[in-house]
Amino acid sequence: MFVNQWNSTLYDRQHAFVWQYGASLLEWLAPQPGEQILDLGCGTGHLTAQIAATGAIAAGMDADPMMIATAQQTYPQINFAIADARNFQVPTPLDAIFSNAALHWIQEPDLVIQCINRSLKPGGRFVAELGGQGNIAMIATALFGALRQLGDEDCDRGYPWYFPSVSDYATRLEQHGLEVRQIVLFDRPTPLADGAAGLSHWLHMFANGILAHLSADERQHVIQQVETALKSVLYRDGTWIADYRRLRVLAWKS
Ligand code: BEZ
């Protein structure tokens with residue numbers, strides 16, 4: 001299994017689109033003053049702070065210590081904690097759990113959903129967006145293709161992401177006692193920052209676990225191969241456009 005390493009400074013500097021796009025998910029959450037809301041996989045905490053700004057009592061959890069340290073430093077008035085989404089506990093049941101662009105990093109969705117269900121009040125809601133079926137299909141195909149061309153058999157030892165279909169995710173939610181009120185899969189072509197370097201920066205941030213066992217030269221070679229393979233389809237007017245596809249869901253604890 002590949003393990004991605006996070007750099008919260010570069011994450012905020014080069015990939016702010018992750019939480020900026022997530023802001024529209026707050027409309028699905030519709031936080032109310034006084035509600036207890038957990039931001040699961042909160043990263044550097046910007047959306048947690050937007051939830052708190054509505055008057056809700058927001059807290060953030062993330063598995064990465066550097067993300068949590070940055071979030072806590074940026075927003076000292078909010079409670080942040082290092083926690084594993086597959087196995088977390090909350091002191092009192094919550095009104096809502098929110099998650100943006102985090103849950104596709106976890107290959108055990110049932111453990112996550114079980115924990116979410118256990119942590120919600122009856123009638124509490126779960127609002128999430130994650131990569132859905134077909135997410136970054138072109139990038140992943142080019143990346144694993146380039147690794148195979150290099151003779152890297154290791155690249156088959158584990159695809160690090162979970163991009164569920166509507167039926168897969170809705171079924172799992174229902175099996176664990178969550179009633180699905182809305183669920184939608186949609187394409188969201190996503191412009192990357194940093195012009196011609198955008199795809200390379202994206203791969204360094206989000207695919208570093210997959211590239212970690214290569215030498216620096218091999219890594220550079222693979223990235224160039226990916227760029228060459230995708231230039232005609234994902235590079236327009238000096239900007240790389242990642243082929244993101246999102247799964248957005250609103251479910252209630254029965
Ligand atoms: C996503 O947000 O869809 C995503 C980000 C990094 C790697 C894979 C997927």
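Is Tyr159 buried, partly exposed or exposed? With a relative accessible area of 36%, Tyr159 comes out as partly exposed. Keep in mind that this is a predicted model. Below is a quick tour: an open sheet of 7 strands, the helices that pack on it, a bent helix H11, and a set of aromatic rings that includes Tyr159.

**The sheet**

- Going across the sheet, the strand order is E3-E2-E1-E4-E5-E10-E6, and the pairing is mixed.
- The edges belong to E3 (79-82) and E6 (178-187), each of which pairs on one side only.
- On average, neighbouring strands here are turned by 15 degrees against each other, if you ignore direction.
- As a reminder, strands of a sheet pair through backbone hydrogen bonds, and they can do that either parallel or antiparallel.

**Strand E10 and its two partners**

- E10 covers residues 245-253 and runs antiparallel to E6, with 9 bridges joining the two.
- Two places to look along that pairing: Phe186 stands opposite Arg246 of E10, and Glu179 has Trp252 of E10 as its bridge partner.
- With E5, E10 also pairs in the antiparallel sense, this time over 7 bridges.
- Val249 in E10 is the bridge partner of Ala128.
- E10 is mostly covered, with 7 of its 9 residues buried.

**Helices on the sheet**

- Helix H6 (residues 109-119) packs on the sheet and touches E1 (36-40), E4 (94-100), E5 (120-131), E6 and E10.
- The direction of H6 makes about 145 degrees with that of E5.
- Helix H8 (residues 166-175) lies across E5, E6 and E10, and H8 runs at about 165 degrees to E6.

**The aromatic cluster**

- The structure holds 13 aromatic pairs.
- One of them joins Trp105 and Trp161: the ring centres are 6.0 Å apart and the planes sit at 70 degrees, so this pair is edge-to-face.
- Trp105 is in the loop between E4 and H6, while Trp161 is in the loop between H7 and H8, so the pair ties together parts that are 56 residues apart in sequence.
- Trp161 also pairs edge-to-face with Tyr159, at 5.4 Å centre to centre and with 85 degrees between the planes.
- How covered are these rings' residues? Trp161 counts as buried because its relative accessibility is 5%, under the 20% cut-off.
- Trp105, at a relative accessible area of 23%, is partly exposed.
- Trp105, Tyr159 and Trp161 belong to one cluster that also takes in Trp6, Tyr11, Phe144, Phe163, Trp202 and Phe206.

**Tyr21 and the arginines**

- Tyr21 lies in helix H2 (residues 17-22) and is partly exposed, at 28% relative accessibility.
- The charged end of Arg188 sits over the Tyr21 ring, 3.8 Å from its centre.
- Leaving out residues up to four places away in sequence, Tyr21 touches Arg188, Pro189, Thr190, Pro191 and Arg248.
- Tyr21 and Thr190 are 169 residues apart in sequence, yet their C-alpha atoms are 9.2 Å apart in space.
- Arg248 has a ring of its own to look at: Arg248 lies over the face of Trp28, 5.6 Å from the ring centre.

**Helix H11 and what covers it**

- Helix H11 (residues 216-234) bends by about 30 degrees at Thr228.
- Its buried residues are Val222, Ile223, Val226, Glu227, Leu230 and Leu234.
- The cover over those buried residues includes helix H7 (137-149), H9, helix H10 (208-211), strand E8 (235-236) and strand E9 (239-242).
- On the H9 side, have a look at Ser200, which lies in that helix (residues 198-206).
- Beyond its neighbours within four places in sequence, Ser200 is in contact with Ile223 and Glu227, and both of these are among the buried residues of H11.
- Ser200 itself has a relative accessible area of 12%, so it counts as buried.

Conventions: Residues are numbered from 1 along each chain as its sequence is written. This is a predicted model: local features need pLDDT of at least 70, side-chain atom pairs count only at pLDDT 80 or more; totals for chains, interfaces and linings use all residues. Side-chain values use heavy atoms; hydrogens and water are left out. Two strands pair if DSSP finds at least two bridges between them. Helices (H or I, at least four residues) and strands (E, at least two) are DSSP runs, numbered from the N terminus. Axes are lines fitted to C-alpha atoms, for helices over the stretch in contact, and angles run from 0 to 180 degrees between N-to-C directions. Contact means heavy atoms within 4.5 Å. Buried means under 20% relative accessible area, exposed over 50%, partly exposed in between (1.4 Å probe, protein chains only). The bend at a residue is the angle between axes fitted to the seven residues ending there and the seven starting there. Rings of Phe, Tyr and Trp (its six-membered ring) pair if their centres lie within 6.5 Å; planes under 30 degrees apart count as stacked, over 60 as edge-to-face and the rest as tilted. A charge sits over a ring if NZ of Lys or CZ of Arg is within 6 Å of the ring centre and within 35 degrees of the ring normal.
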